[in-house]
Amino acid sequence: MILNIVFLFFTIYLLIQSVIEQRPFYKKMRRSIGFRGGKIIYIDKSQEVKEKGVVYGKLLKSDKYGLSGKPDYIYQLGEELVPVELKSSEANDSPYYKDVMQLVAYFLIIEDVYQKRVRRGRIVYRNTMFEVYNRRHLRKELFNILRQMKKMQEGDYSPELNPSFVLCKFCPCRDTVCEVYKNTSK
């Protein structure tokens with residue numbers, strides 16, 4: 001009898017989890033950067049006039065995940081920490097994958113540095129804003145990317161390449177870790 005009840009609750013839990021995971025991992029919102037009642041605790045740039053209790057321009061490092069970065073802002077809402085990333089581009093119906101992965105990396109870094117679980121973050125584009133939730137499947141995707149990057153560093157992995165001048169022209173890896181651009185521009 002007790003096993004049946006435990007099994008029933010476990011099944012209901014799994015169903016609820018699957019429904020939650022099916023919802024989009026982001027919510028499109030009207031463009032705004034700050035939070036009512038929120039307080040800035042981190043800003044990526046140096047200021048002439050510094051406010052007490054705010055960290056300015058410091059590189060945040062996570063030894064646990066081997067990541068480092070500088071989110072544009074971190075807001076504190078009660079006990080919750082919310083990273084905010086500003087983008088100079090525009091977005092339409094959904095946030096760009098690369099921006100989501102950058103924000104998920106900030107989730108991990110902030111959790112390691114501040115020892116608090118991050119529930120959500122914001123990506124603010126010129127025309128819109130998305131609130132991105134810290135979901136398990138996003139973290140798994142980031143961990144897969146990190147594994148691939150480590151394998152690439154060790155020379156054990158090479159991604160399938162589809163080089164083109166248009167795609168490679170503005171890539172941040174061009175002329176650094178990637179030799180493909182040189183081969184396409186000839």
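**View 1. The whole chain, and how much of it is buried.** Of the 186 residues in this chain, 31% count as buried. Please keep in mind that you are looking at a predicted model. The chain exposes about 12900 Å², and carbon and sulfur atoms supply 55% of that area.

**View 2. Helices and strands along the chain.** Here you can find five helices and nine strands. Starting from the N terminus, the elements follow the order α-β-β-β-β-β-β-β-α-β-β-α-α-α. Now look at contacts between residues at least 6 apart in sequence: 63% of them join residues at least 24 apart.

**View 3. A close-up of helix α2.** Helix α2 covers residues 97-114, which makes 18 residues. From its first C-alpha to its last, the helix reaches 25 Å, close to the 26 Å expected at 1.5 Å a residue. Which residues of α2 are buried? They are Asp99, Val100, Met101, Leu103, Val104, Ala105, Tyr106, Phe107, Leu108, Ile109, Ile110 and Glu111.

**View 4. Glutamine 115, just after α2.** Follow the chain past the end of α2 and you meet glutamine 115, which sits in the loop between α2 and β8 (120-124). Its phi is positive, about 55°, although the residue is not a glycine. That is worth a second look, because most residues other than glycine have a negative phi. Is glutamine 115 buried or exposed? Glutamine 115 has a relative accessible area of 62%, so it counts as exposed, the cut-off for that word being over 50%.

Key. Residues numbered from 1 in each chain as written. Predicted model: local features only at pLDDT ≥ 70, side-chain atom pairs only at ≥ 80, totals over all residues. Heavy atoms only, no water. Helix = DSSP H or I, 4+ residues; strand = E, 2+ residues; numbered from the N terminus. Expected span 1.5 Å × (residues − 1). Buried < 20%, exposed > 50% of the residue type's maximum accessible area, 1.4 Å probe, protein only. Contact = heavy atoms within 4.5 Å. Areas by Shrake-Rupley, 256 points an atom, 1.4 Å probe, with all protein chains shown as cover.
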